[in-house]
Amino acid sequence: MPTTTVPDAQREISLLRLVAQGVVGRRETPREVVARLTAVQAQDEAGAQLSIALRAGVPRSAVVAEYDAGTVVRSWTQRGTLHAVLAEDLPWMAELMNVRPMAAQAKRRPQLDLDASHVARANDATVAALRGGGRLARAELMAAWADAGLETSGGRGYHLLSTLGHAGLVCFGPTRDGEQLIVLVEEWVPAPRTPTREEALRELALRYFLGHGPATVPDLVRWTGLTAKDARAGLALALDKLATLEVDGVTYYLDRTIPALLEKHRAAAEATLLLPGFDEMVLGYADRTATVPAPYADLIVPGRNGVFRHTVVDRGVVVGAWRAVGSGRNRRVEVEAFEDLTPAVTEAVPALFAALP
C-alpha cells in the first residue's frame with residue numbers, strides 16, 4: 001500500500017491548526033471551545049459533541065449540559081447547515097451569514113410545492129406552539145404543523161424548519177431523552193449580542209483566523225459563506241490582531257501565539273489522534289490538503305455523498321478512517337488504513353478509542 005508524501009510546509013500548517021483549534025495544547029471548557037472555534041459543524045450532533053468534548057477533555061454529558069443551560073445552541077448559522085455556537089452569538093451570526101442560504105431556499109421551495117404562504121403559516125403555528133417557554137421535539141412540532149394544515153412529507157417539514165432556523169425564529173436548545181428540543185430564539189437567547197455589521201464582519205474574520213489559522217481568505221469565504229468582498233473587509237479590520245505566514249506564495253493568517261504554542265506541544269500534535277467525522281479540522285477549510293492529502297479526499301467522503309467519516313490522524317495528516325463496531329463489552333474500533341500504518345499508530349488506536357469521551 002503506497003504512502004502519500006506530504007510536503008513539510010503543509011504538514012506544519014496542519015500541526016499549527018491542531019493547536020489553534022485546541023485539539024492539543026489547551027484544556028478549555030466546552031463553552032470556551034465553542035467560542036474559540038466560533039461555530040462547530042453540527043449536522044451530525046453526536047459528532048459535534050465529540051469534537052467539543054475531545055478539545056475540552058470532558059465527557060459528552062458536559063457538552064449537553066451547556067445546551068441545557070442555554071449557553072450553547074445549535075442552529076443554521078452558515079452554509080445552509082447546522083452549527084453549534086454560543087447562544088449570545090446566534091442572532092448576529094445568522095443575520096450576517098444566512099443571506100445567500102435563504103435566497104437558495106426560496107428558489108428551492110417551488111420544487112417542494114411550497115411558497116411564502118406556507119412559510120408564514122409555519123411561522124405562526126410555531127410561535128403559537130412555543131410561545132411562553134415551550135420546548136418541542138421535531139416530531140412534536142411537525143405534528144403541530146400538520147394540525148395547522150401544513151404538509152410535512154417529502155422533505156417539506158425539514159425545509160420549513162430550516163427556513164425558520166435561518167430566519168432566526170427557532171433553534172435547538174435543551175435536551176430531552178437525548179434529543180435537542182426546538183425553542184424560540186427570542187425566548188431562549190434573552191441577551192443576544194448586537195454588533196454593527198462592520199463590527200460583525202471584523203469579529204467573524206478575527207475569531208475564524210484565531211481559532212482555525214493558519215488559514216486563507218478563500219478558507220474564510222468558504223467557511224462563512226460570505227462574499228469575498230465582505231470577507232476581505234472583515235479581514236482588513238482584524239489584521240492588526242493577526243500574524244501572517246507565507247507558504248508557496250500563499251498568505252495564511254493566524255493567531256500570533258500559535259507557533260510558540262506548537263513548539264511547546266509539538267509531541268502531542270505529532271502523535272496519533274482519532275477525530276470524529278465532520279470535525280472542524282476537515283470541514284473548517286476550503287483547501288483541506290494540509291490535513292487530508294488529495295488522494296484521500298474521496299476516501300473520507302465515499303461517493304462524495306456529503307457524509308464525512310471519522311479519521312485517524314498521525315503527525316497532523318489523515319492516514320485512515322475509523323468506526324466503532326459491536327456493542328457493550330464487544331464494542332471495538334475498526335480501521336481502514338489509507339496507507340501502510342506504522343506499528344506505533346496501529347498500537348495507539350485501540351487505547352485512543354477506549355479513551356474517547
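Select phenylalanine 172 in strand S4 and isoleucine 182 in strand S5: the two are bridge partners. The model on screen is a predicted one. Extend the selection to residues 170-176 for S4, and S4 and S5 appear as an antiparallel pair joined over 5 bridges. Strands of a sheet pair through backbone hydrogen bonds, either parallel or antiparallel.

Now add residues 179-184, which make up S5. Is this strand mostly covered or mostly open? S5 is mostly covered, with 5 of its 6 residues buried. The connection from S4 to S5 is a hairpin with 2 residues between the strands. Pick aspartate 177 in that turn: its phi is positive, about 55 degrees.

Return to phenylalanine 172 and show arginine 74. Arginine 74 lies over the face of the phenylalanine 172 ring, 4.8 Å from the ring centre. There is another arrangement of this kind to display: arginine 17 over the face of tyrosine 285, at 3.7 Å from the ring centre.

**Helix H4**

Select residues 60-69, helix H4, and colour Val63, Val64, Glu66 and Tyr67, which are its buried residues. Turn the view to look down the axis of H4: the buried residues fall within an arc of 150 degrees, so they line one face of the helix. An α-helix has 3.6 residues a turn, so residues three or four places apart point the same way. On the other side of H4, Ser61 and Ala69 are exposed. Step past the end of H4 to glycine 70, which has a positive phi, near 85 degrees.

**Backbone exceptions**

Most residues other than glycine have a negative phi, and most peptide bonds are trans. The next stops depart from that pattern.

- Arginine 79: select the loop between strand S2 (72-78) and strand S3 (81-86), where this residue is found. Its phi is near 60 degrees, a positive value in a residue that is not glycine. With a relative accessible area of 21%, arginine 79 is partly exposed.
- Aspartate 113: go to the loop between helix H6 (99-108) and helix H7 (116-130). Aspartate 113 has a positive phi of about 60 degrees, although it is not a glycine. Its relative accessible area is 58%, and aspartate 113 is exposed.
- Glycine 213 and proline 214: show the peptide bond between them, which is cis, with omega about 10 degrees. Proline 214 sits in the loop between helix H11 (197-212) and helix H12 (217-224).

**Open sheet**

Which strands make up the open sheet of 4, and in what order? The order is S8-S9-S10-S11, with antiparallel pairing. Select 273-275 for S8 and 332-337 for S11: these strands stand at the edges with a single partner strand each, so one side of each has no neighbour in the sheet. From one strand to the next, the twist averages 35 degrees.

For the contact between S8 and its partner, add residues 310-314, strand S9; 3 bridges join S8 to S9, and the two run antiparallel. Leucine 275 has threonine 311 in S9 as its bridge partner.

**Aromatic rings**

Display the rings of Phe, Tyr and Trp. Pairs with ring centres within 6.5 Å count here, and the total is 8 aromatic pairs. To examine one of them, select tyrosine 296 and phenylalanine 338: the ring centres are 5.3 Å apart and the planes stand at 50 degrees, so the pair is tilted. Tyrosine 296 lies in the loop between helix H16 (280-283) and helix H17 (297-300), and phenylalanine 338 in the loop between S11 and helix H18 (343-354), so the pair ties together parts 42 residues apart in sequence. Both rings belong to buried residues: tyrosine 296 has a relative accessibility of 4%, and phenylalanine 338 has 7%.

Then select Tyr208, Phe209, Trp223 and Tyr253, which form one aromatic cluster.

**Last stop: glutamine 21**

Select glutamine 21, in the loop between helix H1 (8-20) and helix H2 (30-37). Is this residue buried or exposed? Glutamine 21 is buried, with a relative accessible area of 1%. Show glutamate 280 as well: its backbone oxygen lies 3.2 Å from a polar atom of the glutamine 21 side chain.

Technical notes:
Residues numbered from 1 in each chain as written. Predicted model: local features only at pLDDT ≥ 70, side-chain atom pairs only at ≥ 80, totals over all residues. Heavy atoms only, no water. Buried < 20%, exposed > 50% of the residue type's maximum accessible area, 1.4 Å probe, protein only. Arc of directions from axis to C-beta. Pairing = 2+ DSSP bridges. Axes fitted to C-alpha atoms, helices over the stretch in contact; angles between N-to-C directions. Phe/Tyr/Trp six-rings, centres within 6.5 Å; stacked < 30°, edge-to-face > 60°. Lys NZ or Arg CZ within 6 Å of the ring centre and 35° of its normal. Polar contact = N/O pair within 3.5 Å; in protein donor to acceptor, adjacent residues only side chain to side chain.
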